[in-house]
Amino acid sequence: MDTDRERHRARETAFYLFTQQSLPACKPVLTPGWVIAIFLFMGVIFIPVGLITLRASHCVVEIVDRYDIDCVPEPSRMDKVSYIQDDSIPKNCSHFMKVHKYMKAPIYIYYQLDNYYQNHRRYVKSRSDKQLLDGQKYHDTSSCQPVESNNNRPIVPCGLIAWSLFNDTFEFIREGAELKVNRKNIAWKSDRGHKFGKNVYPSNFQNGTLIGGGKLNPEIPLSDQEDLIVWMRTSALPSFRKLYGRIEEDLDVDDVVVVNLMNNYNTYSFGGKKKLVLSTSSWLGGKNDFLGHACVFVGCSSLTLAIIFMLLHVKYRRKSFSG
């Protein structure tokens, strides 16, 4: 009993000390010297980190080619929507990409879409994660509206995201020889293994009167349909890139790569843009100057504040009086 009372009293005492903000705590006194030293330290750390990051980003070689306008025949450019929706018009197109700097393999192939709002609330919610994992065993697909079923049969995979699957295709040729594109392992391993069923196959997909994007092979399980897996990871911004594949050969300076593509995907109805991107990578990933510029900015700001505080401290130093 005495032990319980002592524990109860200890709890009450600790709670009282906490509520009264009387617990032992570290209360550093930020003297001018400490403040100046902290800002100097931040500047010395952030500026070199930013410069190293910018150097890594600038080492990445990137080629960006917009093709959605050039791949529309001249007579159809006044009405691009009718062109892309007319299946009787061939959509094949050829583009040329010149390599201005040596590109070391692997060279990553991305397609980039601009003015495409995958973050729209209704679009993002129009999917069924349980159906993607369990297939037709899971019957509640109300979240997939308006692409839930067709002819009273469930659609697998259901939802607007899957329905709008990107379906442009690309073939790369250099000096008359085809560059092989590795399209394996372009999706996250966690997505392939835990979010898309190995025994779930496409069913009744793109069989309605209104076709959205690409079709899926009904004989390949969803866990192996990596185009779909990449596409289903929606972007938070209206301009985004998604991985299409990898070229496992080096590209030399002044190489000309012929791109034979199928311009199937409709971005014309909402004023979107389509671009093809070839990019190498560094230890930091792809080309992105933002992190480097941010670090340099923070470092320079810290050094500037340190100098200002140092001058103020020297000018307005407190005089000590004796006696």
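**Exercise 1. A salt-bridge network**

Is Glu-249 buried, exposed or partly exposed? Determine also how Glu-249 is connected to other parts of the chain.

*Solution.* The structure is a predicted model.
- Step 1. The relative accessibility of Glu-249 is 32%. Buried requires under 20% and exposed over 50%, so Glu-249 counts as partly exposed.
- Step 2. Glu-249 forms a salt bridge with Arg-174, and the closest N and O atoms are 3.2 Å apart.
- Step 3. Glu-249 belongs to the loop between strand 9 (240-247) and strand 10, whereas Arg-174 belongs to strand 6 (residues 169-174), so the pair ties together parts that are 75 residues apart in sequence.
- Step 4. Arg-174 has a relative accessible area of 18% and is buried.
- Step 5. Asp-255 joins Arg-174 and Glu-249 in a network of salt bridges.

**Exercise 2. Strand 3 and its partners**

Describe the surroundings of strand 3 and the contacts of Asp-114.

*Solution.*
- Step 1. Six of the eight residues of strand 3 are buried, which leaves the strand mostly covered.
- Step 2. Strand 3 runs antiparallel to strand 9, to which seven bridges join it. Here Leu-113 stands opposite Phe-240 of strand 9.
- Step 3. Strand 3 also pairs with strand 11 in the antiparallel sense, over seven bridges. The bridge partner of Asp-114 in strand 11 is Lys-273.
- Step 4. The side chain of Asp-114 meets that of Lys-275 in a salt bridge, at 3.2 Å from N to O. This pair links distant parts of the chain, with Asp-114 in strand 3 (residues 107-114) and Lys-275 in strand 11 (residues 273-279), 161 residues apart.
- Step 5. With a relative accessible area of 11%, Asp-114 is buried.

**Exercise 3. An open sheet**

Give the strand order of the open sheet of four strands, and identify the strands at its edges.

*Solution.*
- Step 1. The order is 2-10-6-7, and the pairing is antiparallel.
- Step 2. Strand 2 (92-98) and strand 7 (177-179) stand at the edges; each has a single partner strand, so one side of each is left without a neighbour in the sheet.
- Step 3. On average, neighbouring strands of this sheet are turned by 35° against each other, direction ignored.
- Step 4. Strand 2 pairs with strand 10 (residues 256-262) in the antiparallel sense over seven bridges. Asn-92 has Met-262 of strand 10 as its bridge partner.

**Exercise 4. Annotated spans and a surface patch**

Compare the UniProt annotation "transmembrane region" with the secondary structure of the model, and describe the nonpolar patch that includes Tyr-316.

*Solution.*
- Step 1. The UniProt record, an unreviewed entry, assigns this annotation to residues 34-54 and 290-312.
- Step 2. Residues 34-54 are 100% helix and 0% strand, and their end C-alpha atoms lie 30 Å apart. Residues 290-312 are likewise 100% helix and 0% strand, with end C-alpha atoms 33 Å apart.
- Step 3. Leu-305, Ile-308, Phe-309, Leu-312 and Tyr-316 form a nonpolar patch on the surface, with about 450 Å² of accessible area together.
- Step 4. Tyr-316 lies in the segment after helix 9 (290-315). Its relative accessible area of 56% makes Tyr-316 exposed.

**Exercise 5. A further ion pair**

How many salt bridges does a search of the whole structure find? Classify the partners in the pair of Glu-74 and Arg-77 by accessibility.

*Solution.*
- Step 1. The search finds twelve salt bridges.
- Step 2. In the bridge between Glu-74 and Arg-77, the closest N and O atoms are 3.4 Å apart.
- Step 3. Glu-74 counts as exposed at 58% relative accessibility, while Arg-77, at 26%, counts as partly exposed.

Notes
Residues are numbered from 1 along each chain as its sequence is written. This is a predicted model: local features need pLDDT of at least 70, side-chain atom pairs count only at pLDDT 80 or more; totals for chains, interfaces and linings use all residues. Side-chain values use heavy atoms; hydrogens and water are left out. Two strands pair if DSSP finds at least two bridges between them. Helices (H or I, at least four residues) and strands (E, at least two) are DSSP runs, numbered from the N terminus. Axes are lines fitted to C-alpha atoms, for helices over the stretch in contact, and angles run from 0 to 180 degrees between N-to-C directions. UniProt positions are given in the numbering used here, feature names are shortened, and annotations may be inferred rather than shown by experiment. Patches are made of residues with over 30% relative accessible area and no salt bridge: like charges are joined within 9 Å, nonpolar side chains (Val, Leu, Ile, Met, Phe, Trp, Tyr) within 5 Å. Accessible areas come from the Shrake-Rupley method with a 1.4 Å probe; for residues, only the protein chains shown count as cover. A salt bridge is a side-chain nitrogen of Lys or Arg within 4 Å of a carboxyl oxygen of Asp or Glu. Buried means under 20% relative accessible area, exposed over 50%, partly exposed in between (1.4 Å probe, protein chains only).
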